[in-house]
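Biologist: I would like to learn how to read strands, buried charges and salt bridges in a protein model. Could you walk me through one?

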Amino acid sequence: MVNVALLVRLEAKPGKEAEVERFLHDGLAIVQQEPATIAWFAIRLGPSTFGIFDVFPDEAGRQAHLSGKVAAALRSKADELFAQSPTIEKIDVLAAKLPQ
C-alpha cells in the first residue's frame with residue numbers, strides 16, 4: 001500500500017531539454033535500488049517541463065528517498081540543467097491501483 005508521494009516539477013534551461021531527459025532516464029537505475037520507492041515515474045509535461053512522481057508506503061520511505069542518491073544528483077545538477085529550483089511537493093495518496 002502507498003500512502004505518501006512526491007510530485008517534482010523541473011523546468012529545463014533552454015537547450016538542456018535532452019540532457020534533462022537523459023538525467024531522468026539514468027535516475028531509474030538508482031531508484032530501482034530503493035525498496036521503499038514503490039513506484040517512480042519520470043514524465044514530460046511540455047517542451048521544457050519535466051516531472052517526477054513517486055510513491056512510498058510511509059513517511060520514512062519518502063524521507064529515505066529525499067536523502068538518497070537521486071535527490072543528491074538532482075541537487076548537484078540543478079544549476080546546470082534547470083531554469084529554476086525544482087519544485088518538490090509532498091502529497092498524500094488517497095487511493096491507488098498498483099500491479100501486484
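Modeller: We will go through the sheet, then one buried residue, then the salt bridges. Please keep in mind that this is a predicted model.

Biologist: Let's begin with the sheet. How do I read it, and in what order do its strands lie?

Modeller: The general idea is that strands of a sheet pair through backbone hydrogen bonds, in either a parallel or an antiparallel way. Here you have an open sheet of 4 strands in the order β2-β3-β1-β4, and the pairing is antiparallel. The edge strands are β2 (39–44) and β4 (87–92), each of which pairs on one side only. On average, neighbouring strands of this sheet are turned by 15 degrees against each other, with direction ignored.

Biologist: How many bridges join β2 to β3?

Modeller: There are 6 bridges between β2 and β3 (residues 49–56), and these two strands run antiparallel. They form a hairpin with 4 residues between them. To follow the pairing by eye, find A39, which stands opposite V55 in β3, and then R44, whose bridge partner in β3 is F50.

Biologist: And how many bridges join β1 to β3?

Modeller: For strand β1 (residues 4–11), the number of bridges to β3 is 8, again with an antiparallel run. One place to look is V8, which has I52 as its bridge partner in β3.

Biologist: Is β3 mostly covered or mostly open?

Modeller: Mostly covered: 7 of the 8 residues in β3 are buried.

Biologist: Now for the buried residue. Which strand holds D54, and what is the nearest side chain of opposite charge?

Modeller: In general, side chains of opposite charge can pair when their charged atoms come close. D54 sits in strand β3. This residue is buried yet has no salt bridge, and the nearest side chain of opposite charge, R62, is 8.2 Å away. A salt bridge needs the nitrogen and the carboxyl oxygen within 4 Å, so that is the cut-off to keep in mind.

Biologist: What does the side chain of D54 join in a polar contact?

Modeller: Its partner is H65: a polar contact of 2.8 Å joins the side chains of D54 and H65. Leaving out residues up to four places away in sequence, D54 touches V4, A5, L6, T37, A39, W40 and H65.

Biologist: How many salt bridges does a search of the whole structure find?

Modeller: The search finds 5. Start with E59 and R62, which form a salt bridge whose closest N and O atoms are 2.4 Å apart. Both lie in helix α2 (residues 59–66), 3 residues apart, or about one turn of the helix. E59 is partly exposed, at 34% relative accessible area, while R62 is buried, at 5%.

Biologist: What else does E59 form a salt bridge with?

Modeller: With K90, where the closest N and O atoms are 3.9 Å apart. This pair links distant parts of the chain, since K90 is in strand β4 and E59 in helix α2, 31 residues apart. K90 is partly exposed, with a relative accessible area of 49%.

Biologist: Where else could I practise on a salt bridge?

Modeller: Try E80 and K77, whose closest N and O atoms are 3.5 Å apart. They are separated by about one helical turn because they lie 3 residues apart in helix α3 (residues 69–81). E80 is partly exposed at 36% relative accessible area, and K77 is partly exposed at 30%. Elsewhere, salt bridges that share partners join E59, R62 and K90 into one network.

Terms used. Residues are numbered from 1 along each chain as its sequence is written. This is a predicted model: local features need pLDDT of at least 70, side-chain atom pairs count only at pLDDT 80 or more; totals for chains, interfaces and linings use all residues. Side-chain values use heavy atoms; hydrogens and water are left out. Two strands pair if DSSP finds at least two bridges between them. Axes are lines fitted to C-alpha atoms, for helices over the stretch in contact, and angles run from 0 to 180 degrees between N-to-C directions. Buried means under 20% relative accessible area, exposed over 50%, partly exposed in between (1.4 Å probe, protein chains only). Lys and Arg count as positive and Asp and Glu as negative; His and the chain ends are not counted. A polar contact is a pair of N or O atoms within 3.5 Å; within protein, one must be able to donate a hydrogen and the other to accept it, and residues adjacent in sequence count only if both atoms are side-chain atoms. Contact means heavy atoms within 4.5 Å.
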